[in-house]
Amino acid sequence: EKGTYPHYMLKEIDEQPLVTRKIIAKYRNENGGLTVDEDIVNAVNAADRIYIIAAGTSYHAGLIGKQFIENWVKIPVEVHIASEFSYNMPLLSANPLFIFISQSGETADSRSVLVQIKELGHKALTVTNVPGSTLSREADYTMLLHAGPEIAVASTKAYTAQLAVLSILAAVAAEGKGRSLEFDLTKELGIVANAMEVLCDQKEEMEEIAKEYFATTRNAFFIGRSVDYYVGLEGALKLKEISYIQAEGFAGGELKHGTIALIENGTPIIALSTQEHVNLSIRGNVKEVVARGANPCIISMKGLEEEDDRFVLPLVHEQLAPLVSVVPLQLISYYAALHRGCDVDKPRNLAKSVTVE
Ligand code: F6R
């Protein structure tokens, strides 16, 4: 039930700190460390390559999951859009493991890939919010998101839950390979939950940004580099699906290879900067678009902020920044849609779970 909330989406955004804490509790062992079913850890560590299959927001979570697994476990990961994989299967490695990411566990595009790879005799892990869902039943292993039912069509808490669960999977698999992380993931996810709470208390600020940048615009661009680019893809999807503003996420360095032609006076550009090694280059990209008249909204991580930044995120571990930087983008999309008179929880043309290919 949405209780006193005007929309499920807002309630679900607000639940993210709680869900993050619940995930920590669910994947914690009696010694305070993190734990994942041994069979799953063995399956990850037996693989020579991991194929992540998903759609939409879950695909965007997969892009970040790839970073966790490659950086920490050191197994190569490919992330595929389910509908593309299904009709154009790439060459597979000798010992692949498939990870299906799906909030609903019912997405037909993903299921079609699952059926194909099971026929080939490969193992599959499903990361889902719904126990007993089709993708969970038909895979060899399941990891649950523990996010509680997600009712709003636009996925919010499932995305951050997917990131948290994938980070735990990667950390525990890395440990299994004798590669312990340089930081305490349990502690850092706790800091993430606190930061999400701080952000959820800044709704007025987000509403201001939404009004300032998105009240009348027809289009918008989200730019970032590295994981900030992937979060930008998710920010753009959130904005377009509920506010109907044409929004696109781009790698900071890629705009100048064509898309910069679309920048006009006042075009909103939301730029994320949470990663030290690309901070200067993304700021360079912002200058390029501002020189063409763009209206920049820079969202940076504490420690990297500069004077003109529109919003500064509370500091969290750099590798976990996507769990936090997405929250203002969700809120800004929510308020943009609200002020444009859109049906936030039930955007036109969309269904919560897409059970046709
Ligand atoms: C966007 C959104 C969709 C879903 C996609 C996959 O907010 O909700 O893009 O992420 O349809 O759905 P699941 O995760 O249920 O497989």
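How much space lies in the largest cavity? About 40 Å³. This is a predicted model, and what follows goes through its cavity, its two largest pockets and two of its helix pairs.

## The cavity

Searching the whole structure turns up one cavity of 30 Å³ or more. Its lining is made up of Phe214, Phe222, Gly235, Leu239, Ile270, Leu329, Ile332 and Ser333. Two elements give two or more residues each to that lining: α11 (227-243) and α13 (321-339). Of these, α13 is the top contributor, with three residues.

If you sort the cavity lining by class, you get six nonpolar residues, two polar ones and no charged ones.

## The largest pocket

Now for the open spaces. The largest pocket holds about 620 Å³, and 26 residues line it. Nearest its centre you'll find Gly56, Glu241, Leu350, Ala351 and Val354.

Which elements each supply at least two residues of this lining? They are α4 (56-73), β3 (96-102), α6 (108-119) and α11. Helix α11 gives the most here, with four residues. As for chemistry, the lining of the largest pocket splits into eight nonpolar, twelve polar and six charged residues.

## The second largest pocket

Next comes a pocket with about 200 Å³ of space. It has 15 lining residues, and those nearest the centre are Thr217, Arg218, Asn219, Glu264 and Thr267.

Helix α10 (residues 203-214) puts in the most, giving four residues to the lining of the second largest pocket. Sorted by class, that lining has four nonpolar, seven polar and four charged residues.

## Helices α4 and α11

Helices α4 and α11 both help line the largest pocket, and they also pack against each other, at an angle of about 170 degrees and with their axes 10 Å apart. That angle makes α4 roughly antiparallel to α11, since anything over 145 degrees counts as such. On the α4 side, the contact is made by Gly56, Thr57, His60, Leu63, Ile64 and Gln67. Facing them from α11 are Val227, Tyr230, Val231, Leu233, Glu234, Leu237 and Lys238. By class, the contact of α4 with α11 has seven nonpolar, four polar and two charged residues.

Gly56 has two roles in this picture: it belongs to the α4 side of the contact, and it is one of the residues nearest the centre of the largest pocket.

## Helices α2 and α9

The other pair is helix α2 (residues 16-26) with helix α9 (residues 185-200). Their packing angle is about 165 degrees, and their axes lie 8 Å apart. So α2 is roughly antiparallel to α9. What is the handedness of the crossing of α2 and α9? It is left-handed.

Helix α2 brings Gln16, Pro17, Thr20, Arg21 and Ile24 to the contact. From α9 come Thr186, Leu189, Gly190, Val192, Ala193, Asn194, Met196 and Glu197. Taken by class, the residues of this contact divide into six nonpolar, five polar and two charged.

Terms used. Residues are numbered from 1 along each chain as its sequence is written. This is a predicted model: local features need pLDDT of at least 70, side-chain atom pairs count only at pLDDT 80 or more; totals for chains, interfaces and linings use all residues. Side-chain values use heavy atoms; hydrogens and water are left out. Axes are lines fitted to C-alpha atoms, for helices over the stretch in contact, and angles run from 0 to 180 degrees between N-to-C directions. Angles under 35 degrees count as roughly parallel, over 145 as roughly antiparallel, 65 to 115 as roughly perpendicular and the rest as oblique. A crossing is left-handed if the near helix is turned anticlockwise from the far one by less than a right angle, and right-handed if clockwise. Contact means heavy atoms within 4.5 Å. Ala, Val, Leu, Ile, Met, Phe, Trp, Tyr, Cys and Pro count as nonpolar, Asp, Glu, Lys and Arg as charged, and the others, Gly among them, as polar. On a 1 Å grid over the protein atoms alone, a cavity is a set of points where a 1.4 Å probe fits but cannot get out, and a pocket is an open set with protein on both sides within 12 Å along at least five of seven lines; lining residues have an atom within 4 Å of a point. Grid points are joined across faces, edges and corners, and a volume is the space filled by probe spheres set on the points.
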